[in-house]
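Here's a quick tour of a few spots in this structure. Have the model open and follow along.

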Amino acid sequence: MSRNLIFFAPVLVVLFSCHSRKQADLIVHDGLVYTVDSSFSTAEAFAVKDGKILAVGKDKDILDAYSAGQMVDAGGRPVYPGFIDAHAHFVGYGQSLFAVDLFGSASFEEVVRRVQQFAAYHPGLDWITGRGWDQNKFPGKAFPDNARLNELFPHIPVVLERVDGHASIANARALELAGVRPGQVLMGGLIETKSGRLTGILIDNAQRLVWQKVPPLSPAEYAERLEAAEQHCFAQGLTTVTDCGLDRRDIEGIDSLQKTGKLRMRLYVMLSDRPENLDHYLPRGPYKTDRLFVKGVKAYADGALGSRGACLLQPYNDRPGWYGFLLSAPSHYDSLARRLAGTDFQLCTHAIGDSANRMILTIYNKYLGGRNDKRWRIEHAQIINENDFSLFGKASVIPSVQPTHATSDMYWAEERVGAQRLKGGYALKRLLQQNGWIPLGTDFPVEDISPFKTFLAAVFRVDAKGWPAGGFQPENALSREEAIRGMTIWAARADCLEKEAGSLEAGKKADFIILDKDLMKAAQGDVLQTKVLSTWSGGVKVYSVKG
Ligand SMILES: [Zn+2]
């Protein structure tokens, strides 16, 4: 026995040194790898097997220890974890790609023109839907009315959603099909009626009356929309998207598309606050697969500032006596919080106005009772009263914010709330200080999908044209590192996915991107010029730049 061992020992050593490199599927090397680990360390290389990262380190160490069939030379370029959008509407975005694109319209005449063009290109439509108009960009900034749409489309129903999703304009045919009557009243919504006639403007809950009449998509149409959305996301370096509010039907559709390999985007999903969703999912607990995590419940406390639906503690500066409104009675949010407190679901409530935020923070504090790890979230947390910031920290409530909302609203937000209240608005830095971390998102398709715009707005607080010089309320800017964390590991944490995504560390999913410029160093003017060269999900290339 011992003699045999001595005899074979030299042979074993030779075999060992030849075959000592462990087999991986993929090695990325010669990169400037931002791991976004707890110390924000950088590395040069990493090895991937079965979709997960085996090890991260220096080129020499990784190349000595591993061999792989696929080698990616990053050419010294920056490698980041795939971006995670902590607040978006993936399904809604897919649908918006197949509806009239009204974003950036400079007048209602332009809106009407775009609808006419769309109708001409798509003859035989049963319904025309569109999204993205914003009366703040129109001369006079008043809500439009539907007179022109009624003239041009007497027989086809038309419904066009405002940029923030909190108001729509419908033509007379759509209103008739939905049975909307002049002067009709409903909870949490407004049906605009002037001189006894419907103007077509529907705010918040009133929109549903018309939108629910739009015929559902076929499975093939549905898949087409989500695949289109995914392509756009991958091209922007997004590997995980948080969808804030879906029904069971959407979730089951996504699950089956993912399971058949047609959809590779990872999604964290919040359930829309509807009895049929809650009754189905709450008793079963969060639903998780490799690409899907149904873990949140999305409630809406109020509307948006642009359509004056955000609920304020004091009246709007530009409409005397008007406070905005809550979308449900406070008792609704209280009973929802009580119900969810006994589950593993996160409560995620849309709150924009300082009154809505105070109400939700108070209810959260009541049921969470101090520091905790339930990760309940407030979506937007846009206007916060001076006295209420600490309510986030007290109950570990996550402020889930969208930096581009600040740079989209900065042109008119002061008209709505005045300079004093605006100091507590879009206050990223103060909100970050509450828990020491903050997730960032875009709210696409309400805002542009681009994570680079998120970074620009978070760090420089300027719009795409670099306005205003020095930034809007620059005291609330984030550092570059904070912004990158907000778009990766902190977004993962807000989605309870930080053990598997959001950083490039051993054991985590190999979701990463290679960029042509380094966000940690790029000049302000270069941020939006940054290109995603390739996007990888689970170690598989899902996008690469052409040319
Ligand atoms: Zn949203």
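Strands β23 (residues 532–537) and β24 run antiparallel, with 4 bridges joining them. One pairing to pick out: Trp536 has Lys541 in β24 as its bridge partner. Helix α8 (residues 219–235) packs on the sheet here and touches both β23 and β24. The direction of α8 makes about 85° with that of β24. Keep in mind that this is a predicted model.

Zoom out to the whole sheet. It's an open one with 6 strands, ordered β3-β2-β7-β22-β23-β24, and the pairing is mixed. At the edges sit β3 (42–43) and β24 (540–544), each pairing on one side only.

Next, the metal site. Which residues are the protein donors of the zinc ion? They are His87 (NE2), His89 (NE2) and Asp443 (OD), lying 2.1 to 2.2 Å from the ion. Along the sequence, the donor residues follow the spacing H-x1-H-x353-D. Are His87 and His89 buried or exposed? Both are buried.

Last stop is a pair of helices, α17 and α18, whose axes come within 9 Å and cross at roughly 140°. That angle isn't over 145 degrees, so α17 and α18 count as oblique to each other. The crossing of α17 past α18 is right-handed. Here's who makes the contact:

| Helix | Residues of the helix | Contact residues |
|---|---|---|
| α17 | 451–459 | Pro451, Thr454, Phe455, Ala458, Val459 |
| α18 | 480–487 | Arg480, Ala483, Ile484, Met487 |

How values were computed
Residues are numbered from 1 along each chain as its sequence is written. This is a predicted model: local features need pLDDT of at least 70, side-chain atom pairs count only at pLDDT 80 or more; totals for chains, interfaces and linings use all residues. Side-chain values use heavy atoms; hydrogens and water are left out. Two strands pair if DSSP finds at least two bridges between them. Helices (H or I, at least four residues) and strands (E, at least two) are DSSP runs, numbered from the N terminus. Contact means heavy atoms within 4.5 Å. Axes are lines fitted to C-alpha atoms, for helices over the stretch in contact, and angles run from 0 to 180 degrees between N-to-C directions. Donors are N, O and S atoms within 2.8 Å of the metal (3.2 Å for Na, K and Ca); water is not among the atoms, so sites may look incomplete. Buried means under 20% relative accessible area, exposed over 50%, partly exposed in between (1.4 Å probe, protein chains only). Angles under 35 degrees count as roughly parallel, over 145 as roughly antiparallel, 65 to 115 as roughly perpendicular and the rest as oblique. A crossing is left-handed if the near helix is turned anticlockwise from the far one by less than a right angle, and right-handed if clockwise.
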